[in-house]
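Welcome! Here is a short briefing to read with the sequence and the 3D view open beside you.

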Amino acid sequence: MANSGIELETNGGSKHWDSDSQPNASIPISTVALPPASNFHRAFQKIAHSVKIVIFTAKINVLLPFGPASIILHYLTNHHGVVFLCSLLGIIPLAERLGYATEQMAAYTGPTVGGLLNATFGNATEMIIAIYALKNGMIRVVQQSLLGSILSNMLLVLGCSFFAGGIVHYDKKEQIFNKGTAVVNSGLLLMAVMGLSFPAVLHFTHSEVRYGKSEVALSRFSSCIMLVAYGSYLFFQLSGRESSQYSRIDSQEGSDSDIQRQSQSQNSAEPEDEEEEPEIGLWESVAWLALLTLWVSILSEYLVNAIQGASESFKLPVAFISVILLPIVGNAAEHASAVMFAMKDKLDITLGVAIGSSTQISMFVIPFCVVVGWMMKKNMDLNFQLFETATLFITILVVAFMVQDGTANYLKGLMLVLCYLIVAASFFVHVDPSSSDD
Amino acid sequence: MMASTEEEKTGLQEEAITINGSPMAVRKMQTFEHIGSLAAVAQSYGPRSVKSRILKSIYIVLIKAKINVLLPFGPLAVILHYLTGKHGWVFFFSLIGITPMAERLGYATEQLACYTGSTVGGLLNATFGNATEMIISIYALKNGMIRVVQQSLLGSILSNMLLVLGCAFFAGGLTHPHKDQDFNKASAVVNSGLLLMAVMGLLFPAVLHFTHSEVHYGKSEVTLSRFSSCVMLLAYASYLFFQLKSHRSLYNPIDSEVDGEQDAKEDNEEEEEPEITQWEAIVWLAVLTIWISILSGYLVDAIQGASESVNMPIAFISVILLPIVGNAAEHASAIMFAMKDKLDITLGVAIGSSTQISMFVIPFCVVIGWMMGKQMDLNFQLFETATLFITVLVVAFMLQEGTANYFKGLMLILCYLIVAASFFVHVDPTSDDN
């Protein structure tokens, strides 16, 4: 039969789909006439292949078993601390794979929708964790985890990247990045944080009209405005501006759409995938996106439920857990890719990831959580407490000034990391001035 | 002599026919006047031509500009004040009535500046540019409404930095959609640095008060404020000297064909002939100032009643509504220049006005309060002080790269909306003003 002849030539038999063959190099399935009985089999092959690519090829997925382990522990023991840690470790690879699936899908949809996808799903993990915490009424946890995510991006991720890049490129003394983009992005972030700060400032000057109600009303109004600003931000970036600010120094990054996508996707972890063929099909990525989001949601629920118990059993303040530990989960993937790009001397992408992610959290995730809280009838507001607001503002101001000159070296990175350690230590000995969160 | 009279009459008639302004006719007449012989000058003060000159002058200043459609609101406000007790209406009508007069005041100032040359012209612009805010503040001071003074001046700075700049960037960005607009980075940075220093100088009494660390509670801030104000006025004088005399080159815009005016609001006037004579300009300046003073009196008296009848906090009225009046003219001209891609002038207007308020008007009001025996000080209350400092810092940072687009403008406007909303739910921690 002609069919088996072809199959023999390429794979040595249709039943043994060679797992090392590139999907692109193989004969498209539709041109091979199959007996009906093996359709199901072929679907199974496809799924197995997909699972292999998504789950087994990435090294980070060694952490995957921690997820189910935490669920099992939740029901078997009452040890909240271990459940918390296990679910923390379990979410990390899921978040990373979520980013991967998003990029794969963006490869198919083109730069505009791809940028939107990256913008939305880039911080999906933080959003999911925050919404679960909101449902539980843990408003301070939400505020602190989102704030900690911004701090972690600006100090830890940036610091590690500068440090790693500086060490790797020690001979070059300094790495250069596009000053203009960095200044524009940090200016935007500064404005966003300013918009977020007013309810807190209002509260702490004890100058609101109706104590307790005014900040919530103001927060909701500000959040709607910030969401409008975010919408125009996306429109502005994705509308294909010719301005040179949004292009990269590094011009070897090929095609126009590539440059555009880099300038849009703040959370783009591996734009080099654009240069390669996408590894899984469009519908597969959609399916994986949905599946991973579902898994992240399930694990987040156990994570959030275990926070209080973990805080007691490890003797850590809830503030510390929210500000320092939770963001590590959401940011792990970006962290890894930012460091990797710094080592490859592509600091623009690093900065795009770090500052862009912070901007998205402050302009989208935080206002979105306030609006979601509004719909859930929780009193989520932007009143971040004086210590956190001051920390946030000071951090962004300092980092914004530091990226102004367009160079990076390992000392800057080290300073940022050490600043983050100090901030973390402050939260270790910090409790809310009133009672702790409900 | 007869010939010149006839020519002048002809000139007047010509002008009367082409009343909707071929400027050529006006120019002809002006040229004739200026070149003219003694006879022509003597003739121009004859009885018949005085009346027609007054009418013409009134036409040019009061009727030609479209904004003057708002003029009747002024007298209406005065009438309402005496007829009804409705403070809300009186307030809003006087607000609307002052707006065209403030704009005409700016117009008269520029016309005068055409005659006096750029140095004195700059000084004139600097002084009369914020005349409306000054007049309103002095009336409020007389009434002892110290918080209103502080908040309206602060709101004027906020409005300049956020609303005016934001609208200008937004409008300019929409008019020039596919590129970023450039402006002279150096002068923007210098100006915003100056503004930051001025604001810092103004903050110390407030910081002193709120760290509860003053020597004589209540008295120390006032003393410190008065001292700071004198220092700030000194700084302002040297700022003027710096701008107008020694470092003029720093303030030239990118567009190098437009020279001269540092606080230039409408540089284009320089390129055209002035439309009214020097003495007319002075007279109008005086007349408009008097009118504004009268209306401001009613405005300030109506603030308290308006706040109660419209259910708005006084803070909101002082910080958001009052500055709209004083800034309306600058607002319009800033937007117009942004759309013509002359962002340097826009920035000069916005940041320059803010700098003048912080370095001149506010210290001047403190000194006036000192002379009036009122306890006006620089203790702006923590919320306003924090807002001011954060705003100036953020805008200064944002201006650093020298480009503008509609998105930056939109962000600035949205920030202003958030600030306005904060003041809507804001009351002073202690009792209301005075």
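How many disulfides are there over all chains? The count comes to zero. Keep in mind as you explore that this is a predicted model. The points below start with the cysteines, move to a patch on the surface of chain A, and end with chain B.

**Cysteines without partners**

- A disulfide needs two cysteine sulfur atoms within 2.5 Å, and zero pairs over all chains pass that rule.
- Take C369(A), which is in no disulfide: the nearest cysteine sulfur belongs to C224(A) and is 14 Å away.
- C369(A) counts as buried because its relative accessibility is 0%, and the cut-off for buried is under 20%.
- C419(A) has C160(A) as the closest cysteine by sulfur position, but the two sulfurs are 13 Å apart, so they are too far from each other for a bond.
- Is C419(A) buried, exposed or partly exposed? With 35% relative accessibility, C419(A) counts as partly exposed, since that class runs between the 20% and 50% limits.

**A nonpolar patch on chain A**

- Try finding these residues on the surface: F163(A), I167(A), Y170(A), Y410(A), L411(A), L414(A), M415(A), L418(A) and L421(A) form a nonpolar patch.
- Together they have about 830 Å² of accessible area.
- Which helix gives the most to the patch? That is α14(A), with six residues.
- Two helices of chain A, α6 (139–168) and α14 (410–428), each supply at least two of the patch residues.
- F163(A), one of the patch members, sits in helix α6 of chain A.
- F163(A) counts as partly exposed because its relative accessibility is 31%.

**Chain B as a whole**

- Chain B has 16 helices and two strands.
- Of its 434 residues, 58% count as buried.
- The surface that chain B exposes comes to about 17,900 Å², and carbon and sulfur atoms supply 68% of that area.
- Look at which parts of the chain touch: among contacts in chain B with a separation of 6 or more, 82% are between residues 24 or more positions apart.

**An annotated region in chain B**

- An unreviewed UniProt entry carries the annotation "domain: Sodium/calcium exchanger membrane region" for residues 89–244 and 281–423 of chain B.
- Over residues 281–423 of chain B, the chain is 85% helix and 1% strand.
- The end C-alpha atoms of that stretch, residues 281–423 of chain B, are 39 Å apart.

Terms used: Residues numbered from 1 in each chain as written. Chains lettered and ligands numbered in written order. Predicted model: local features only at pLDDT ≥ 70, side-chain atom pairs only at ≥ 80, totals over all residues. Heavy atoms only, no water. UniProt positions renumbered as here; feature names shortened; annotations may be inferred. Helix = DSSP H or I, 4+ residues; strand = E, 2+ residues; numbered from the N terminus. Patch = residues over 30% accessible without salt bridge, like charges linked within 9 Å, V, L, I, M, F, W, Y side chains within 5 Å. Areas by Shrake-Rupley, 256 points an atom, 1.4 Å probe, with all protein chains shown as cover. Salt bridge = Lys/Arg side-chain N within 4 Å of Asp/Glu carboxyl O. Buried < 20%, exposed > 50% of the residue type's maximum accessible area, 1.4 Å probe, protein only. Contact = heavy atoms within 4.5 Å.
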